[in-house]
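I opened this notebook page to record what I looked up in one structure. The entries follow in the order of my queries.

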Amino acid sequence: MKIKTLSVVATILITLVAQVAAQKGVVKGRVFDAFTNEPLPFTNIVIFGTTIGSTSDLDGNFLFTGVEPGFVRLQATMIGYAPYSSEDFLVTNAKTVTVSIPMQPAAVTLEKVEIKASLFEQRAESPVSMRRLDISEIEKNPGGNRDISKVLQSLPGVASSVSFRNDLIVRGGGPSENRFFIDDIEIPNLNHFATQGASGGPVGIVNVDFIREVDFYSGAFPANRGNALSSMVEMRQMDGNPDKVNFRATVGASDLALALDGPLGKKSSFVFSVRRSYLQFLFSAIGLPFLPTYNDYQLKYKVRFDKKNELSIVSLGAYDQFKLNTGIENPDEDQRYILGYLPVNSQWNYAIGAVYKHFRSNGFDTWVVSRNMLRNSAYKYRDNDESSENNKILDYTSDEIENKFRYERTLLSGVYKFNFGAGAEYARYFNNTFQKIVVAGNAVRDLRYQTNLDLLKGGVFGQVTRPLLNDRLTLSLGLRLDANNYNTAMNNPVDQFSPRFSASYLLAEKWAVNFNVGRFYQLPSYTTMGYRDLSNTLVNKENGLSYIGANHFVAGLEYRPDENSRVTLEGFYKTYDNYPFSIADSVSLASKAVDFGVYGDEAVTSTSKGRAYGFELLARTRDLKGFNIIMSYTFVRSEFTNKDQQYIPSAWDNKHIVNLTATRQFKRNWNLGMKWRFVGGAPYTPYDLDLSSDRQAWDARGRGYLDYARFNTLRLGNFHQLDVRVDKQYFFNQWSLRVYLDVQNLYNFKADQPDNLTNLSPDGVPVVDPADPDRYVLRAIENTAGQALPTIGLIVEF
């Protein structure tokens, strides 16, 4: 009875103090056991970098008042628990910030080792190849434009493309080898105008206004996550404010966003945002040949029924339209080239899911039900003349629908941590295709087919982790099995037996050696599984299409000179097998570059092999004379076999990648940041001039054909770019304002790109070969990418 009385009194005092101190920044929250959700009283919490501290009450609640506005981080310590360092979060005068602090039970006592909280998260299951970014690093990343994919390109092992795309090219693997999750819900489409069958696109869908932190895995994937070969991205959103509704309006480089969050009752909260682009107006004003428009929404609802049960509903979606600007007067050669081949495109997609958690005395259960859908449509008429159906060269509509269920059990038993569960999925793929294609002898044929594909998928997984030698050594073993009913090559889960093993050993107080080995599997894209040839046959199903396999070997050395800094050196070696191999072009699909549109819709065999290897050097510090710095160098080679089983460079064989990001907070809420990137020149393939000059072949697609007999025999020049950003924040009693200037490619570097081919004269008239009327006279147009791009943004919050 006394404990309940004290708890009520403490809650009343916290509320009263919060009201009195509302003119200053207020931070409150709850400390609890991460496995049981039980409150942890008498936990010590401090604001990082200061001597300001607080202690949680009997219900685990804590309060800070009079906090200076700006980005803040908390650290918490409790006997019997590992020290905790929170993500960064923004404190303003306009609202109270609520922070949750989940504490992990520790297997050692304070007498055995000195425990210090680190700003750099490391998971026992993934002691290598995992990096964490928090909201301050995402929001203020120079050149990132508050886009998670672009920010991830600052990390080691990640190559950035020269063009304005968000492709994640991780450790020599292609953009189709990545998976994305937000609050335990998989989101297959991370970008607007996404490349179907891969993951890239020009602009991210996720609005970072409500993102709390991002974990990026370039290997060492935990067993409860499957279907990835190169990377996995885990995003976690903040909960809605429990006290009042807050509003935020953002005018960015390309869109307008409106967001709000707040309570929906005593036990529930919500976050919601919508965005709409205005690129179409800017592009039309400056005469670009295409006019993109994108829209998206993002939603989270969370309810805590009691301290043992909670439910989250998460959803996001997008609607994108891509039109051609055919009204340009006197278009130049580049504009004519783009208008000549680029199709009209529209996409919409959504993902929605529910996550239910039930906490037990030694762990918790997680139940996840979700659904996602993509519809992708495109059409193209020769010379953009839609007056006759005879001019149509492409008409494409496709749906990808997935309905998923997953159950996980996470528990502690002594020093052992267990995670195990199972998942099931029902997927539907629809494709209606008409396309002009070139077959043997340069003949042009009409490819027409319709596919309705129904798939049942299933998987089981388990992982066990335990410390040894007074926590100096940590071991983790995971197993996974997956299968589906597509064909006999995929329906036996034993054929997709996926083990992984991690180890981390503390050599000294500041030194550790880490290791991971694993075999991972990924399903080929639906575009490949559902492809039909001219005989209307699911040719890839008959060819025995199978899961793609990859073996990872990663070892690293880690040095932590202090709690603010971390230096790592990691070597990696990846081997691939059963990669789809293009029958028409005699190259691996992994080697092909990805463009807008559709990837993987062709006849293949599961016969290609590959390898990617190299090393990464990363140095991170959050406080080097006030600077937050990320420096990385990656050496990487990426090669796949050709028809003669010889290894040749893939499109992702950049060799050298350098990233340097530095930001600093100054007085009066000024922030300055810079990012310099260097990416080695990528291989590319010259044109097949004989095939490209054929009039029927050219008219079938409006652009040149590559000479796959000389695949990736040429290489572009190196690419580098400097981005800078300046932020200024104003904090008022009831609202706040942030203004930023972001300049991408400050010194206007022009990167080499393969030349474009055109059949037009400088005046825009098709040129027919006078010696052979069945051929065009082609000429090259010099092609470069990159220009200085300044943008101004405003963020208002109240």
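Which residues does Ile-148 touch, not counting residues up to four places away in sequence? I found Ile-138, Val-206, Val-208, Ile-211, Val-214 and Met-235, where contact means heavy atoms within 4.5 Å.

I noted the basis of these entries: the model is predicted, local features need pLDDT of at least 70, side-chain atom pairs count only at pLDDT 80 or more, and totals for chains, interfaces and linings use all residues. Residues are numbered from 1 along each chain as its sequence is written, and side-chain values use heavy atoms, with hydrogens and water left out.

**Entry: nonpolar cores.** I looked up the largest nonpolar core (buried Ala, Val, Leu, Ile, Met, Phe, Trp, Tyr and Cys residues joined through side-chain atoms within 4.5 Å; buried means under 20% relative accessible area with a 1.4 Å probe, protein chains only). It has 29 residues, of which Ile-148, Leu-152, Ile-187, Ile-211 and Met-235 touch the most other members. Among the elements that each supply at least two residues are α3 (148-152) and β17 (211-217); helices (H or I, at least four residues) and strands (E, at least two) are DSSP runs numbered from the N terminus. Another core, of 20 residues, lies apart from it and includes Leu-453 and Tyr-526.

**Entry: Asp-723.** I located Asp-723 in strand β41 (residues 719-731). Asp-723 is buried, with a relative accessible area of 1%. Its side chain makes a polar contact of 2.8 Å with that of Gln-721; such a contact is a pair of N or O atoms within 3.5 Å, and within protein one must be able to donate a hydrogen and the other to accept it, while residues adjacent in sequence count only if both atoms are side-chain atoms. I also listed residues that Asp-723 touches beyond four places in sequence, including Pro-142, Lys-675 and Arg-677.

Terms used:
Buried means under 20% relative accessible area, exposed over 50%, partly exposed in between (1.4 Å probe, protein chains only).
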